[in-house]
Protein chains: 2
Amino acid sequence: MARRNDHTREELREMALASAERIIAQEGLAGLSTRKVATAIGYSVGALYTLFSNLDDLCWQLNERTLSCLMAAIKEVDETDPVACLQGCARIYQAFAEQYPERWRLLFEHRSNTDNPLPDQLSTRIGGLFEHIDGCLARLYPRIDRHERQLRSRILWSGIHGLTQLEHSNKLFLPDAMTAEDIRIHLIDSLLAGWDKESHHA
Amino acid sequence: MARRNDHTREELREMALASAERIIAQEGLAGLSTRKVATAIGYSVGALYTLFSNLDDLCWQLNERTLSCLMAAIKEVDETDPVACLQGCARIYQAFAEQYPERWRLLFEHRSNTDNPLPDQLSTRIGGLFEHIDGCLARLYPRIDRHERQLRSRILWSGIHGLTQLEHSNKLFLPDAMTAEDIRIHLIDSLLAGWDKESHHA
DNA sequence: AGGTGATTTTGAACAGCGTTCAGTATACTA
DNA sequence: TAGTATACTGAACGCTGTTCAAAATCACCT
């Protein structure tokens, strides 16, 4: 009972990815399987393999969408003050991980066994995120050179990411009356305070 | 052909965990399976289930060993200067993740579907790590209160952990002539510089 | 030494997984 | 309408974690 033209191939791809996102949101990463996705879009397993080369490929495309979605949210941060902009980006990042915990996990835990560690599309998007942070830092510290700015953006991003992951996996051991939000704010404050000191790495 | 007294149950457990560590070191996390571990120790699959309640349990016990190993390495850092001590701990942490990448991944990626997010033993060990960082900070800033010290230790640990994970998953996008080591050192320097300013969160 | 009960170990079995591919049903073309 | 190209199916393969009746061995008692 083969069919045809029920949907465009692009539509099918979209349906499959959307279904996959729903599945991992409801059942977790471990609940994702080709058979479930196929059933969800009303096709057989084999049909999925005409849309994606394999489950690995589907996961990478999921990550593409996730990162695209995250970047869009971050770029909506509209603050004139660069400090507020950095805090806003970090807040969005943390909120995103909380809203889509399984997609966020996939973003960092998925990797292929062979070949390149990251597909090019994904690399480009991550590069874009760093450039965005770089932009804030350039406004904050117009006199520092490119190298120092790149260093600082990676320090910032490492801290925010680490905080988000530790919190998300219950490894932050927050004392009473301390939230991950407190830590995020103070993390950025502390770093900027350190960089405001003229004496630091002239 | 059942046997007995070939090994103590504790010996068997040890053999199984050691084999599992070797398997994931050689074949990656995805290569770990109950049948492989059973074959490696010369027993059948069923026998494994008298040592561990399931694969989940085995993974938690692996994490127990990994964290114990990591803590031992960190506690060997013997620096009188608290700043050097913090830098040393961070260096060890990063080096450990590089030496045992798959075990380190398991430590942060493994989680059970149900019940408690973390076994108690593991929680205790993580708590110990925070206390160790807290100790360094107490020597550095004897005048700040407990709450502020806990806040700072979590900021530090978040940064180091995030940096390590991003580097380890090729998501740090290091420019030429910049290493993860540079970032680690500057991360700590910057934070401490921020905290040295009297004006900050008195 | 022989028997008996407790304990340890086996391995077949089950359901589910990713992946492949010969075959079938449909749509387009001539 | 016949033929061809395309879309799709679903059984099959080898793998996975997990269970459990049966088998093999040990420890002990007579």
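This is a short walk through a predicted model with chains A and B.

Let me start with the two copies. Chain B superposes on chain A by a rotation of 180°. The shift along the axis is 0.0 Å, and the RMSD is 0.0 Å. The two copies are thus related as by a two-fold rotation axis. The same surface serves both: 100% of the contact residues of chain B recur in chain A.

Now chain A and its parts. The domain assignment gives domain 1 at 1–52 and domain 2 at 62–196. Their centres, taken over C-alpha atoms, are separated by 31 Å. How many residues of domain 1 of chain A are in contact with domain 2 of chain A? Nine, and they meet seven residues of domain 2.

Next, the annotations. Both come from UniProt, from an unreviewed entry. The record places "domain: HTH tetR-type" on residues 10–70 of chain A. Over that stretch the chain is 79% helix and 0% strand. Its end C-alpha atoms are 22 Å apart. The record also puts a "DNA-binding region" at residues 33–52 of chain A. There the chain is 70% helix, again with 0% strand. The end C-alpha atoms of residues 33–52 lie 13 Å apart.

Over to chain B, and helix α4, residues 55–75. What span should its 21 residues have? At 1.5 Å a residue, the expected value is 30 Å. The end C-alpha atoms of α4(B) are 30 Å apart, which agrees.

Look at the start of α4(B). A side-chain oxygen of Asn54(B) comes to within 3.2 Å of the backbone nitrogen of Asp56(B).

Which residues of α4(B) are buried? Among them are Leu58(B), Cys59(B), Trp60(B), Leu62(B), Leu67(B), Leu70(B), Met71(B) and Ile74(B). The buried list also includes Gln61(B), Asn63(B), Glu64(B) and Thr66(B). And what covers these buried residues? The cover includes four helices of chain B: α1 (9–27), α5 (82–99), α6 (101–109) and α7 (120–140).

One last residue, back in chain A: Gln150(A), in helix α8, residues 146–168. Is Gln150(A) buried or exposed? Its relative accessible area is 10%, and the cut-off for buried is under 20%, so Gln150(A) counts as buried. What does Gln150(A) touch, leaving out residues up to four places away in sequence? In its own chain, Asp134(A). From chain B, Pro175(B) and Met178(B).

Terms used
Residues are numbered from 1 along each chain as its sequence is written. Chains are lettered from A and ligands numbered from 1 in the order in which they are written. This is a predicted model: local features need pLDDT of at least 70, side-chain atom pairs count only at pLDDT 80 or more; totals for chains, interfaces and linings use all residues. Side-chain values use heavy atoms; hydrogens and water are left out. Copies are superposed by least squares on the C-alpha atoms of residues with pLDDT of at least 70 in both. Contact means heavy atoms within 4.5 Å. Helices (H or I, at least four residues) and strands (E, at least two) are DSSP runs, numbered from the N terminus. The expected span of a helix is 1.5 Å times one less than its number of residues. Buried means under 20% relative accessible area, exposed over 50%, partly exposed in between (1.4 Å probe, protein chains only). A polar contact is a pair of N or O atoms within 3.5 Å; within protein, one must be able to donate a hydrogen and the other to accept it, and residues adjacent in sequence count only if both atoms are side-chain atoms. UniProt positions are given in the numbering used here, feature names are shortened, and annotations may be inferred rather than shown by experiment. Domain bounds come from an automatic or database domain assignment.
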